[in-house]
Structure formats: structure tokens, C-alpha cells
Amino acid sequence: MEGALEQYLDDTMKNPSIVGVLCTDAQGHNLGCRGSLSDEHGGVVSVLARQAASLTKDQTDSPTVCLESDCGNILVRTHGTITVAVHKMAS
Amino acid sequence: MGCCYSSESETTEQDVNERKPLIDPNQDRKPTNGMERNTDSLPSNRTDEQAQLTGILQRTALNIIDVSAVDSQGMEQHEYMDRARQYSTKLEVLSRTLSQKKPVPLPSLTSQPHQVLAADLVPFSDVQQVSKIAAYAYSAISQIKVDAKEELVVQFAIP
């Protein structure tokens with residue numbers, strides 16, 4: 001059943017500028033990861049997304065958290081019950 | 001009427017008042033000192049105040065620690081050295097444990113914050129791409145569900 005998700009994560013990694021991707025649930029449990037993002041980042045990613053969501057009262061507007069560094073940007077976004085983090089190199 | 005010391009048989013009221021002694025000789029009076037006269041004149045207020053003041057004085061005297069008056073016992077040299085050694089070992093143990101409890105400093109994200117801050121903003125296309133990825137991932141995960149193949153509750157066949 002998880003085949004669809006795994007396949008999709010592999011397809012996402014085919015993008016040359018993306019070096020890591022991570023999916024977690026609302027509690028930080030890792031659902032799938034590739035590349036530079038792994039299990040240990042699940043907790044932080046889920047909490048960041050949740051805290052950012054509490055900044056606005058609008059429940060439908062899900063914010064995208066961007067962590068910028070000199071080794072790429074990590075963008076975190078929640079959709080429904082899962083949170084996705086993508087580590088992308090600046091192009 | 002009459003001149004001084006002219007006696008008249010009947011005493012008038014005025015005379016009675018005039019001749020009444022100021023200090024009653026029949027009344028037994030103790031020799032009074034200044035204190036009694038004071039208490040008699042202002043009875044309740046003064047005694048309360050005095051009692052309160054003495055109470056405060058007593059409490060202060062009980063609580064006060066007069067450092068200058070304490071006679072310090074002289075310590076012998078070896079005792080002094082022993083104690084100094086004891087205290088220094090205790091301090092060493094404490095400083096060791098304390099240094100272990102120091103919190104780990106946060107890892108630094110970059111050594112050149114100016115460069116990162118001055119760099120181009122995250123392109124909106126990237127943000128859109130990530131939101132698309134999130135949507136696809138969500139739909140892929142929704143395929144993970146319970147697949148009921150058999151009945152959970154079965155009836156045992158009783159022959």
C-alpha cells in the first residue's frame with residue numbers, strides 16, 4: 001500500500017536540485033524519507049509546521065516554512081494530516 | 001456676718017464648705033510615688049502602650065544576633081587545614097557535575113549570515129512545487145488503509 005508513496009518520493013528525488021525529501025504525520029512519525037532528510041528530522045519538521053500554522057487564524061491557508069542556509073533551502077508544508085519537507089539547493 | 005473669728009452658733013452652708021478639710025484625715029492613703037500618680041491619671045492607654053513597647057523590646061532582644069558580641073573560638077591550625085581540604089574537594093566534585101549539566105549550544109546554521117540573508121529570496125516556483133509535492137504525497141498516503149478481506153467475527157460450528 002505504501003508503494004504509491006515510495007514511488008512518488010523516488011520520482012521527486014529525480015529532480016536535480018532536490019537533495020532530500022521527508023514525509024511525517026502530525027506527531028512527527030516518519031512516513032518516508034530520501035536523501036539528506038531522515039528519521040531524526042521528523043519531529044522538528046512537524047513541530048515547525050504546526051507552530052507556523054498557529055500564526056494565522058485561517059485554517060485553510062497552510063503556510064510554507066522556509067529555512068534558508070548557505071547549503072540550500074528546506075521548505076516545509078503541511079497538507080491535510082501530513083507534513084512534507086523538501087531540501088532544495090539554490091539554483 | 002461679723003469680723004474675723006466672730007463665732008456664731010449656727011453654721012451656714014457656706015461655712016461648712018469653707019471649713020471642710022481638703023484632705024480627708026479618715027481616708028487611709030499610702031505614700032504615693034510618681035508612677036502611681038501617673039497610672040491613676042491616664043489609666044488604660046498608657047499601660048497598653050507600655051506593654052506593647054516592652055513586648056517589642058523583648059522580641060527584638062530575642063531575635064537580634066549581635067555579631068560583635070560573639071566571642072569566636074579559635075581553631076587549631078590542623079583543624080583549619082583539614083576543613084580547607086574538605087571544602088576544596090567538595091567544590092571540585094560540584095564543579096565537575098555542574099559542567100556536565102551545561103546545555104549543548106545550538107548548532108549554527110551558517111558561518112556567513114550576511115551572505116544568506118542578502119541572497120535571493122526563495123523563488124515562488126519552489127514554494128508552488130513543494131505544495132504540489134505535499135498534495136501528491138497526501139493523496140499517495142491516503143491509499144494506505146485497512147483492507148478487510150475476512151470477517152472478524154466467525155461462528156464456531158458446533159456439531
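Let me start with the surface of chain B, which exposes about 16100 Å², with carbon and sulfur atoms supplying 57% of that area. Please keep in mind throughout that what we are looking at is a predicted model. Of the 159 residues in chain B, buried residues make up 9%. In terms of secondary structure, chain B has six helices and zero strands, so to speak a run of α-α-α-α-α-α when it is followed from the N terminus on.

Chain A can be described in the same terms. It exposes about 4900 Å², and carbon and sulfur atoms supply 55% of this, while buried residues make up 42% of its 91 residues. Chain A comes to two helices and five strands, and these follow the pattern α-β-β-α-β-β-β when read along the sequence. As for how the chain folds back on itself, among the contacts in chain A with a separation of 6 or more, residues 24 or more positions apart account for 35%.

Now let me turn to the helices, beginning with helix 1 of chain A, where Leu5(A), Tyr8(A), Leu9(A) and Thr12(A) are buried. Around the axis they cover an arc of only 100°, which puts them on the same side of helix 1 of chain A. As a general reminder, an α-helix has 3.6 residues a turn, so residues three or four places apart point the same way. And what do the buried residues of helix 1 of chain A pack against? Their partners are strand 1 and strand 2 of chain A, together with helix 6 of chain B, residues 124–141.

Helix 2 of chain A, which covers residues 42–53, has 12 residues and reaches 17 Å from its first C-alpha to its last, close to the 16 Å expected at 1.5 Å a residue. Its buried residues are Gly42(A), Val45(A), Ser46(A), Ala49(A) and Ala52(A). Seen down the axis of helix 2 of chain A, these buried residues fall within an arc of 135°, so they line one face of the helix. The elements that they pack against, within chain A, are strand 1 (18–24), strand 3 (64–69), strand 4 (72–79) and strand 5 (82–88).

That brings me back to chain B and to helix 6, whose 18 residues should span 26 Å at 1.5 Å a residue, and whose end C-alpha atoms are indeed 26 Å apart, which agrees. The buried residues of helix 6 of chain B include Val127(B), Val130(B), Ile133(B), Ala134(B), Ala137(B) and Ile141(B), and the polar residues Asp126(B), Gln129(B) and Ser131(B) are also buried there. Where does the cover for the buried residues of helix 6 of chain B come from? It includes helix 1, strand 1, strand 2, strand 3, strand 4 and strand 5 of chain A.

Next, the charged pairs: over all chains, the structure holds seven salt bridges. One of them joins Asp10(A) and Arg34(A), whose closest N and O atoms are 2.6 Å apart. This pair links distant parts of the chain, since Asp10(A) sits in helix 1 (residues 3–13) of chain A and Arg34(A) in strand 2 (residues 30–35) of chain A, 24 residues apart. Is each partner buried or exposed? Asp10(A) is partly exposed, with a relative accessible area of 35%, whereas Arg34(A), at 19%, is buried, because the cut-off for buried is under 20% relative accessible area. Together with Glu6(A), Asp10(A) and Arg34(A) are linked in a network of salt bridges.

Another salt bridge in chain A is formed by Lys14(A) with Asp11(A), the closest N and O atoms being 3.1 Å apart. Here Lys14(A) is exposed, with a relative accessible area of 62%, and Asp11(A), at 35%, counts as partly exposed. In chain B, Asp147(B) forms a salt bridge with Lys149(B), with the closest N and O atoms 3.5 Å apart. Both of these residues count as exposed, Asp147(B) at 51% relative accessibility and Lys149(B) at 72%.

Finally, a word on the surface of chain A. Val44(A), Leu48(A) and Leu67(A) make a nonpolar surface patch of about 220 Å². Of these residues, Leu67(A) is found in strand 3 of chain A, and Leu67(A) is partly exposed, with a relative accessible area of 36%.

How values were computed: Residues are numbered from 1 along each chain as its sequence is written. Chains are lettered from A and ligands numbered from 1 in the order in which they are written. This is a predicted model: local features need pLDDT of at least 70, side-chain atom pairs count only at pLDDT 80 or more; totals for chains, interfaces and linings use all residues. Side-chain values use heavy atoms; hydrogens and water are left out. Helices (H or I, at least four residues) and strands (E, at least two) are DSSP runs, numbered from the N terminus. The expected span of a helix is 1.5 Å times one less than its number of residues. Buried means under 20% relative accessible area, exposed over 50%, partly exposed in between (1.4 Å probe, protein chains only). The arc is that of the directions from the helix axis to the C-beta atoms. Contact means heavy atoms within 4.5 Å. Patches are made of residues with over 30% relative accessible area and no salt bridge: like charges are joined within 9 Å, nonpolar side chains (Val, Leu, Ile, Met, Phe, Trp, Tyr) within 5 Å. Accessible areas come from the Shrake-Rupley method with a 1.4 Å probe; for residues, only the protein chains shown count as cover. A salt bridge is a side-chain nitrogen of Lys or Arg within 4 Å of a carboxyl oxygen of Asp or Glu.
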